Amino acid sequence: MWAFLATPTLHMAATSESAKPDEEVQELVAILDAGAQYGKVIDRRVRELNVNTIIFPLETSAEELYHNNLKALIISGSGNSVNDSSPIHYDPNIFSLGVPILGICYGFHTIIKHYGGEVSKGMMREDGQFEVILETDNNSLFESMERNQQVLLTHGDSVKTVPDCLKAIGWSGELITAVHHITDPVYGVQFHPEVDLTINGRQILKNFLYQISGCHGSYHLSSREASCLEYIRDKVGEGHVLSLVSGGVDSTVSTALISKALGPNKVTAVHIDNGFLRKNEIEQVVASLARLGISAQVIRASLRFSSASTIMNYRDKDGSIFRQATPLLNTVINPEEKRHIIGDAFVTLASSMLKELDSKGKRPIFLAQGTLRPDLIESASSLVSANAHVIKTHHNDSPLVRELRKQGLVLEPLSDFHKDEVRQLGLSLDIPESIVNRHPFPGPGLAIRIICQEEAIIREDFSTINSILNTIATYAQCLEKPSSVLQFLSMIQDCTSSNDQAFLSELSASLTYFITLLPIYTVGVQGDSRSYSYAAVISSDDESKFSWKDRMKLAKLLPKILHTINRVVWGFGKAIYGPVCDVTPTHLTTGIIATLREADHQAHSVLASHGLMGSISQMPVVLIPIHFDRNYQEIAAFPSCQRSVVLRPFVTCDFMTGVPAMPGEHIPLQVLDEMVAAIKQVPGLSRVLYNLTPKPPGTTEWE
Ligand SMILES: Nc1ncnc2c1ncn2[C@@H]1O[C@H](COP(=O)(O)OP(=O)(O)OP(=O)(O)O)[C@@H](O)[C@H]1O
Ligand SMILES: O=c1[nH]c(=O)c2[nH+]cn([C@@H]3O[C@H](COP(=O)(O)O)[C@@H](O)[C@H]3O)c2[nH]1
Ligand SMILES: NC(=O)CC[C@H](N)C(=O)O
Ligand SMILES: [Mg+2]
């Protein structure tokens, strides 16, 4: 059956340096998707390098791939582990096709295991941007590159042993981060060359496509505006569109496109006040849409949202699924329940408007949303991946939206775009820069930025984690008197490189700081899957000696050592002494929403007054249910009643990965002080904090 595999056609043609580009034969690279968050980013990067792509599930047979006459295969990352009891199936014969293969993260692990090496979950995980050392001599993958490279890593599984037929060509500390096959064009990288946080990732992909796979770059991106207009006209025909507009970038561009395709009188634009919008938002949205000639109808529905609930799938302890009604939105705690309720409330409202328009003879009628690629992949939509994990259900991909989509009633012209591509398209449609460059604001709005809890989350290991954090904060002193903390020291050393340990030692010798675990959970994205775990706060009375670079560096080390921490913040003000063991009960009630709305308004007003909105990509302002600075004795007498605000200024291009804004670089320090002072004027607040964690392991939002 595999006789055809002996024929060297694909590989020979692919690697022949002297071959002339064959205009007749389209160069095609397959991405084998194992459920990656970044599958569509790989796809985009390869196309930007002028090579056409096709995405298949990892399970696709070698025979089917063979018939596509491929130049190369790229095996993506995954939220799964190659050591799962039932790992995602792949056809081992893909390694006999003779086609160059690049494995990324899970794909890298697949290559290692396929050739007989060992992959296992070690003490260390890496999530975020790290420096790696690459072997650049005699190695086409890293040709024309420096040895030291900043790359994005996000994994819990690591390579333990490399089989004889593979050679290590990259290291992250003591971990192997890249390999190549000694005779075949097979390469694997632990890091993600496709994302922006791998600074020279494009060069690596270019080397793979051009040096290793012999591509010539005959593919050219066609006009995306033209294909969007064609898609809209084909789908809607003589029908009518109800377009949900938030005033954000995506819905504005998508509504402008739909108006251009069909004419403005075929579009009814609706802006919904769900009760979670920012201060003065409705007026601003209506005014900016009017500038584009779009007249938006405003539906005031905050009461309907606040008392909404929906039916959701839940999992029993034995893993079986059952369906049940969620609590009402104003009593909900679980962030996924929040998202499902809000998503379904949007659609329920929109469905009644669709019916109304239909009864007025506007039919067939379609519901338009400004859905983008990241919304679908993070919600694990089967439209974009067969194996992806749910990171969070975006409100515009809730179960009711999926049902409407199945009926063919949803129009989403931007569903194959990332944010920066939407902005380019917006400019080509002559939408003013002030609108195109607006910071995004999520559909569920302030609701997801309020961390709701009734009780503190104190797991069995809460005090152990606090003790390990204390050992990290006093590392130099502990090394001198190790007897009582030997096990913590050896754990820290197992999870970090010698450079990391030298950093901890110097930092703790030069200043006094504290690291405190917070008894709250928030959502993160690690190793392409969802995490829901603790946040920790760093604070110090030696604020002036503690550089922001060092705060960020320390913050990056904590999730590496403690795998139940996915976010780290800086606490402005004096040091936080003692543990934090309780929370202020918090739900989505009007007073609490009003507090966050005002804090958000204060922070953004300061940023805007200094003309700094353009220096960062977004700044979620988040309310956490923590009342700091109360000691154990006070806890019984003075219940926790205040909350705190976290600033999350974020820098990114496509929102798939990104870094916290660096104070002093993206935001001047005095502006930050001004923001903190302005927020503190809002009644009911305890402290202001600053998010130090990149995405991954955090997400842009907190929830
Ligand atoms: N308040 C709202 N009223 C009506 N539709 C909304 C509202 N909020 C969100 N939507 C719909 O959900 C879609 C997704 O929201 P999302 O925030 O991702 O995009 P956006 O608001 O258009 O752009 P941005 O990312 O810049 O905020 C929007 O494009 C819009 O169709
Ligand atoms: O309309 C939206 N509905 C949602 O449910 C949603 N969740 C996140 N976001 C926005 O998406 C971008 C990436 O955010 P995360 O890193 O938190 O996933 C950021 O810009 C977020 O504000 C949403 N937008
Ligand atoms: N990004 C990835 O592909 C991660 C692979 C695997 N889920 C891990 O955590 O190691
Ligand atoms: Mg929005």
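This is a conversation about a predicted model, its three ligands and some of its residues.

Me: Let us start with ligand 1. Which residues come nearest to it?
Reply: Of the 21 residues around ligand 1, the nearest are L244, S246, V249, S251 and K419.

Me: Which polar contacts does an oxygen atom of ligand 1 have with side chains?
Reply: One is with K419, where a side-chain N or O atom is 2.4 Å from an oxygen atom of ligand 1. Another is with D250, whose side chain places an N or O atom 3.0 Å from an oxygen atom of the ligand.

Me: And what about the backbone of G370?
Reply: A polar backbone atom of G370 is 3.0 Å from an oxygen atom of ligand 1. Taken alone, the ligand exposes 580 Å², and the protein buries 95% of that.

Me: I noticed S254. Where is that residue found?
Reply: S254 is found in helix α7, which covers residues 249–262.

Me: Is S254 buried or exposed?
Reply: S254 has a relative accessible area of 1%, under the 20% limit, so this residue counts as buried.

Me: Which residues is S254 in contact with, leaving aside its neighbours within four places in sequence?
Reply: They are Q369, G370, P413 and L414. G370 also has a polar backbone atom 3.0 Å from an oxygen atom of ligand 1. In addition, the C-alpha atoms of S254 and L425 are separated by 9.6 Å, although these residues are 171 apart along the chain.

Me: On to ligand 2. How many residues surround it, and which are the closest?
Reply: There are 15 residues around ligand 2, and the closest are R339, E378, K392, T700 and E701.

Me: What are the distances from R339, E378 and T700 to oxygen atoms of ligand 2?
Reply: A side-chain N or O atom of T700 is 2.5 Å from an oxygen atom of ligand 2. For R339 the distance from a side-chain N or O atom to a ligand oxygen is 2.6 Å. For E378 the corresponding distance is 2.6 Å. The protein buries 92% of the 490 Å² that ligand 2 exposes when taken alone.

Me: What about T699? Where does it lie?
Reply: T699 lies in the segment after β24, the strand of residues 685–691. T699 is buried, with a relative accessible area of 1%.

Me: Which backbone oxygens does the side chain of T699 reach?
Reply: The T699 side chain reaches the backbone oxygen of E701 at 2.6 Å. That side chain also reaches the backbone oxygen of V523, at 3.4 Å. Leaving aside neighbours within four places in sequence, the contacts of T699 are I391, K392, V523, G524, V525, R567 and R648. K392 and E701 are also among the residues closest to ligand 2.

Me: And ligand 3? Which residues come nearest?
Reply: Of the 14 residues around ligand 3, the nearest are S78, N80, C105, G156 and D157.

Me: How far are the backbone atoms of S78, G156 and D157 from oxygen atoms of ligand 3?
Reply: A backbone N or O atom of S78 lies 2.8 Å from a ligand oxygen. The distance for a polar backbone atom of D157 is 2.9 Å, and for one of G156 it is 3.0 Å. The protein covers 96% of the 290 Å² of accessible area that ligand 3 has on its own.

Me: Which element gives the most to the shell around ligand 3?
Reply: Strand β6 gives the most, with 4 residues. The shell residues divide into 2 nonpolar, 10 polar and 2 charged.

Me: Changing topic: which members of the largest nonpolar core touch the most other members?
Reply: They are I472, L554 and Y690, in a core of 100 residues. Helix α10, residues 335–359, supplies the largest share, 10 residues. Apart from this core lies another of 61 residues, including V29 and F130.

Me: Finally, which peptide bonds are cis?
Reply: Among them are the bond from R363 to P364, with omega near -5°, and the bond joining P696 and P697, with omega about 10°. P364 lies in the loop between α10 and β15, while P697 is in the segment after β24.

Notes. Residues numbered from 1 in each chain as written. Chains lettered and ligands numbered in written order. Predicted model: local features only at pLDDT ≥ 70, side-chain atom pairs only at ≥ 80, totals over all residues. Heavy atoms only, no water. Near = heavy atom within 4 Å. Polar contact = N/O pair within 3.5 Å; in protein donor to acceptor, adjacent residues only side chain to side chain. Areas by Shrake-Rupley, 256 points an atom, 1.4 Å probe, with all protein chains shown as cover. Helix = DSSP H or I, 4+ residues; strand = E, 2+ residues; numbered from the N terminus. Nonpolar A, V, L, I, M, F, W, Y, C, P; charged D, E, K, R; others polar. Core = buried A, V, L, I, M, F, W, Y, C linked by side-chain atoms within 4.5 Å. Buried < 20%, exposed > 50% of the residue type's maximum accessible area, 1.4 Å probe, protein only. Contact = heavy atoms within 4.5 Å.
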